[in-house]
Amino acid sequence: MKELLLMALGDGIRRDVAKVSQAERDRLIVAILQLNTAKFYGDGVSYWDKQEDIHKNAHLAGVDVHVGPGFVPWHRELVNRFEALIREVDPDLSLHYWDWSVDPRSTAGGRANLFTSSFMGSDQGDAGPPLANFESTEGGGHTHIWRQVNGGSSSLGTPTTVSDNDIATAPTWRIFNDRIQQAHSDAHGYIGGTLPQKHFSFHDPFVFLLHSNVDRLFAMWQTQTGHPDRLNPAAVYQDDTGDPGLNGPVEPWAGNAANPSLQLRPWAPPENQQVVKTYKDPSIVAPPCYDTVPQMRFLQLMNAGNEIVFNDVPTGETTARAAVFRLFACGPATLRVTSSPGNPYTVLTPTRTVPHSLVPYTEVRLWFGMQGQSANTVAPNDSVTIHCDENGQDFTFTLKGNSIARPTVGVMLALDQSGSMDQPAGTGSATRVQVLREAAGRFAQLIQEDNGIGLIRFDTDAYPVNDPAFPGLPITRIGPGGDFDPARVQALASIGGHATNINGETSIGDGVMMARNVLNAVPAADYQDKALIVFTDGLENQPASIDSVAGSIDQRTFAIGLGSETQVSTAALRMLAHNTGGYMLLTGQLTPGTDDYFRLSKFFLQILAKVTNTAIVTDPSGYLAPGVELRIPFTLTESDIDATVVMLDDLPVVDFALETPDGATIDVNSATSFGVQAGEGMQMRYYRYTLPVAIGDGAHAGTWNAVLTINEGQWEDALGSLEDREARARASALGARYSLSAYAWSNLRMQATLNQSSIEPGSSAQVSAVLTEYGLPVDHRAAVQAEVTGPAGTTTTVLAETGPGLFEADVPTPLPGTYHVRVVADGLTIRGTPFTREQSLTAIALPGGDRPPAGPGGGDHRLCGLLECLAEASAGFLESNGIDPEAVHRCLREYCGRRAD
């Protein structure tokens with residue numbers, strides 16, 4: 001039994017215009033009037049007047065759109081396009097039809113007279129209101145559209161000589177075409193006036209109600225039971241399928257390339273909105289939605305050769321590709337996978353139900369994945385079958401793909417060794433070079449196998465990797481030896497040997513160029529990507545300047561500044577990083593608080609995650625007291641490939657284990673038996689493992705826990721080893737400081753960025769985050785917020801989803817200072833598993849910061865840096881004497897900002 005359509009405004013169904021509500025007819029005529037007076041093409045012609053131009057043009061374009069086989073499909077395209085224009089004015093409207101089996105003035109059975117001053121105007125003579133201003137160029141004394149319904153008689157008549165049933169049940173296309181053209185001619189003649197004149201009839205809006213009915217009867221003929229061929233582009237026109245016109249472009253919308261003199265804007269230069277298709281295009285063959293037509297689902301396959309192709313999938317990663325359909329439907333449609341492929345392919349979208357919407361068609365995708373296998377191998381072909389519930393059709397696709405090696409990166413560290421690196425790193429006891437060695441050492445400890453790491457040092461000058469006094473390290477590939485791999489050991493030794501040149505000044509530009517030259521000497525084939533990390537604690541005061549070398553830096557560059565926005569060459573570093581696709585991070589003044597204490601290490605590890613396409617799942621820190629078992633949850637998903645969980649501490653007393661989602665425990669003693677790597681470095685322990693872990697049924701997606709406890713036997717010894725009384729008192733009161741970071745090499749990634757068009761106080765930073773899974777947007781499945789810690793405290797800003805998987809917000813920077821921005825995402829994977837992602841960014845507000853960088857040798861900048869350094873180093877002394885160190889910093893910022901101006 002045919003499933004007929006319910007009728008409601010906004011459902012996209014074309015209905016008998018005499019039976020819709022008066023309110024809907026009012027909205028329809030208002031929309032048509034708007035097309036005549038308020039909507040214009042680039043050539044100044046109104047949307048309405050363009051319809052007559054289109055109609056006349058078609059008579060000259062080589063296809064007989066009134067007598068031949070092109071008549072019905074050409075007018076379907078015209079009606080569909082006009083309906084789209086109406087929806088530009090009022091999106092809920094549809095182009096309803098006049099049922100020409102009934103006189104348009106009849107009010108029988110609840111019908112409305114269509115010829116009234118509130119809808120289509122008069123039935124006799126000039127149309128008058130509301131169409132009084134609709135002109136006609138037909139001549140004969142008629143300057144505006146006019147009517148002569150039923151030959152001028154006020155009596156109701158029978159508009160056509162052919163019944164709807166005879167048309168809809170015509171046995172062949174040619175018989176149907178003959179009958180519909182006869183009824184169409186009858187209807188034009190019955191309305192009379194302007195309408196029977198084929199070169200002028202499209203001056204009168206009533207013509208579209210008439211042609212909507214032509215199209216309705218075409219749709220009814222197409223959907224007759226037992227004739228699926230009438231929905232097949234290759235068969236619908238039957239004996240006329242080879243007609244040259246039907247196989248040629250639909251003009252004038254195709255651009256009339258064969259007849260340039262007939263080109264019509266905007267389907268010609270300069271707008272060039274041409275759409276080239278034939279009369280067999282599914283957008284023409286697919287019947288629109290009418291209340292007398294069964295709910296229809298017409299599916300056009302978009303995959304060439306019915307293939308789903310996975311090209312160059314990295315080993316271990318999963319790439320998503322889709323079976324793509326264009327769905328022309330008058331109701332919801334459900335597509336489901338009924339025959340699944342085997343490994344290495346997976347079904348990501350087993351079923352998809354698509355609601356009906358007011359668009360010509362909906363593009364529908366069912367997603368499939370392929371996991372990369374051994375490098376340079378070809379996966380076996382497989383197949384998948386997709387079924388449409390509503391029309392019973394089955395579609396079979398072939399899946400094929402190949403694998404490549406996991407991308408690798410060569411990373412060059414450019415590390416500052418100027419004299420100021422011997423100064424305190426903050427209000428604690430560690431020096432700057434000490435915290436740098438710790439942070440960079442952790443980077444080298446955790447960089448994955450097959451990636452490369454190198455190092456150069458700079459102060460007044462930059463030094464090549466083989467310098468006898470200040471040696472560095474050429475880019476060296478990390479091998480498979482884990483913590484004791486010779487290349488890793490060499491990198492750690494090079495970083496451990498990094499020391500201060502007490503007489504050195506600061507040439508950041510030299511350091512960047514030297515690192516760049518080492519990177520560029522590495523053959524392109526060695527690594528798929530290259531990156532540069534520059535670390536400094538000060539203002540450049542020796543040539544070359546950052547600004548002078550920035551144009552030649554062609555590798556992705558990340559900048560880490562140890563200090564505040566006035567202590568580091570902030571503006572120049574920010575531009576250097578931003579222009580190369582990296583970013584800048586500032587520590588601000590470091591304090592004994594846990595976030596500050598670990599901040600530099602976190603920055604290095606975040607950049608490591610960035611350059612190796614690894615996602616940060618969670619990154620909390622705090623204090624752990626003796627006798628407490630701290631369980632830190634983190635969520636891994638089916639999209640994650642492997643994980644690294646890192647615990648940093650300030651005292652070597654924290655025992656660290658993992659708990660799987662099923663409650664199994666992994667510790668340093670059992671890790672190897674489960675295929676988990678347990679490693680340690682300087683004040684750091686970590687677990688690294690491929691998912692799923694071989695424990696129980698396989699530990700993968702779900703909530704994992706990092707379990708931290710204080711080793712009671714080591715606690716007292718650790719306390720006793722602390723020489724700094726303040727540190728001992730803090731540890732006795734609060735416990736050991738820790739930082740826990742969970743990373744995942746994953747198919748689910750967040751790319752967060754921060755841009756500042758101005759860094760003056762009172763401006764804003766533009767924060768954005770892009771979430772993807774298998775390369776596809778995480779569309780309305782996540783929430784993202786920015787936690788901002790600045791001079792005035794901590795605030796939270798919610799990022800709005802401005803596009804699929806794109807989240808954006810402005811973060812105010814009202815006061816001078818450094819703003820630490822933590823972008824946090826929570827959401828659901830494509831299979832409904834919860835996930836988290838986070839990333840740290842830095843914004844700055846610097847008085848005078850929009851001025852061009854002063855460059856090396858600027859006395860004011862050097863003085864400001866010195867004073868800031870002295871204020872920071874003497875913070876404890878100032879505070880003990882009743883002076884607020886932060887007040888001193890504010891004074892210096894204001895002074896330095898004014899001097900910059």
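The expected span of a helix is 1.5 Å times one less than its number of residues. In this predicted model, helix H6 (residues 206-222) has 17 residues and should therefore span 24 Å at 1.5 Å a residue; the C-alpha atoms at its ends are 25 Å apart, which agrees. Of the 17 residues of H6, 17 are buried, so the helix is largely enclosed by the rest of the structure.

Helix H6 also takes part in a salt bridge. The side chains of Arg14 and Asp215 meet with an N to O distance of 3.4 Å. Arg14 belongs to the segment before helix H1 (22-37) and Asp215 to helix H6, so that this contact links distant parts of the chain, 201 residues apart. Arg14 has a relative accessibility of 1% and counts as buried. Asp215 is likewise assigned as buried, its relative accessible area being 2%. A second salt bridge joins Arg147 to Asp204, with the closest N and O atoms 2.8 Å apart. Here too the pair links distant parts of the chain: Arg147 is in strand S4 (residues 146-148), while Asp204 is in the loop between helix H5 (173-191) and H6, 57 residues apart. Because buried means under 20% relative accessible area, Arg147 at 1% falls in that class, as does Asp204 at 0%.

A salt bridge with partly exposed partners is formed by Arg265 and Glu271, whose side chains meet at 2.6 Å, N to O. Arg265 has a relative accessibility of 27% and counts as partly exposed; Glu271, at 24%, is also partly exposed. Through salt bridges that share partners, Arg14, Arg76, Glu83, Arg87 and Asp215 are joined into one network. In total, the count comes to 39 salt bridges.

Aromatic contacts were examined next. A search of the whole structure finds 31 aromatic pairs. One of them is formed by Trp48 and Phe82, which are edge-to-face, with 5.8 Å centre to centre and 65° between the planes. Trp48 lies in helix H2 (residues 47-58) and Phe82 in helix H3 (residues 71-89), so this pair ties together parts that are 34 residues apart in sequence. Both Trp48 and Phe82 are buried. For Phe325 and Phe397, the ring centres are 5.7 Å apart and the planes stand at 90°, so this pair is edge-to-face. Since Phe325 is located in strand S7 and Phe397 in strand S13 (residues 394-404), the contact ties together parts that are 72 residues apart in sequence. Phe325 is buried, and Phe397 is buried. Ring pairs further link Trp48, Phe82, Phe134, Phe202 and Phe208 into a cluster.

Charged groups are also placed over aromatic rings. Arg406 lies over the face of Trp745, 3.2 Å from the ring centre. Over the ring of Tyr597 sits the charged end of Arg737, at 3.7 Å from the centre of that ring.

With respect to covalent cross-links, the count comes to one disulfide. The disulfide joins Cys289 to Cys330, with an S to S distance of 2.3 Å. The torsion about the S-S bond of Cys289 and Cys330 is about -100°, so the disulfide is left-handed. Cys289 is found in the loop between helix H7 (282-285) and strand S5 (297-301), and Cys330 in the loop between strand S7 (318-329) and strand S8 (333-339); the pair therefore ties together parts that are 41 residues apart in sequence. Cys289 is buried at a relative accessible area of 9%, and Cys330 is buried at 3%. Cys388, by contrast, is in no disulfide, and the nearest cysteine sulfur, that of Cys330, is 13 Å away. Cys388 has 0% relative accessibility and counts as buried.

An open sheet is formed by four strands in the order S23-S29-S25-S26, with antiparallel pairing. Strand S23 (630-636) and strand S26 (665-666) are the edge strands, each of which pairs on one side only. Strand S25 (residues 654-659) and S26 run antiparallel and are joined by two bridges. In this pairing, Glu659 stands opposite Thr665 in S26.

How values were computed. Residues are numbered from 1 along each chain as its sequence is written. This is a predicted model: local features need pLDDT of at least 70, side-chain atom pairs count only at pLDDT 80 or more; totals for chains, interfaces and linings use all residues. Side-chain values use heavy atoms; hydrogens and water are left out. A disulfide is a pair of cysteine sulfur atoms within 2.5 Å. Buried means under 20% relative accessible area, exposed over 50%, partly exposed in between (1.4 Å probe, protein chains only). Two strands pair if DSSP finds at least two bridges between them. Rings of Phe, Tyr and Trp (its six-membered ring) pair if their centres lie within 6.5 Å; planes under 30 degrees apart count as stacked, over 60 as edge-to-face and the rest as tilted. A charge sits over a ring if NZ of Lys or CZ of Arg is within 6 Å of the ring centre and within 35 degrees of the ring normal. A salt bridge is a side-chain nitrogen of Lys or Arg within 4 Å of a carboxyl oxygen of Asp or Glu.
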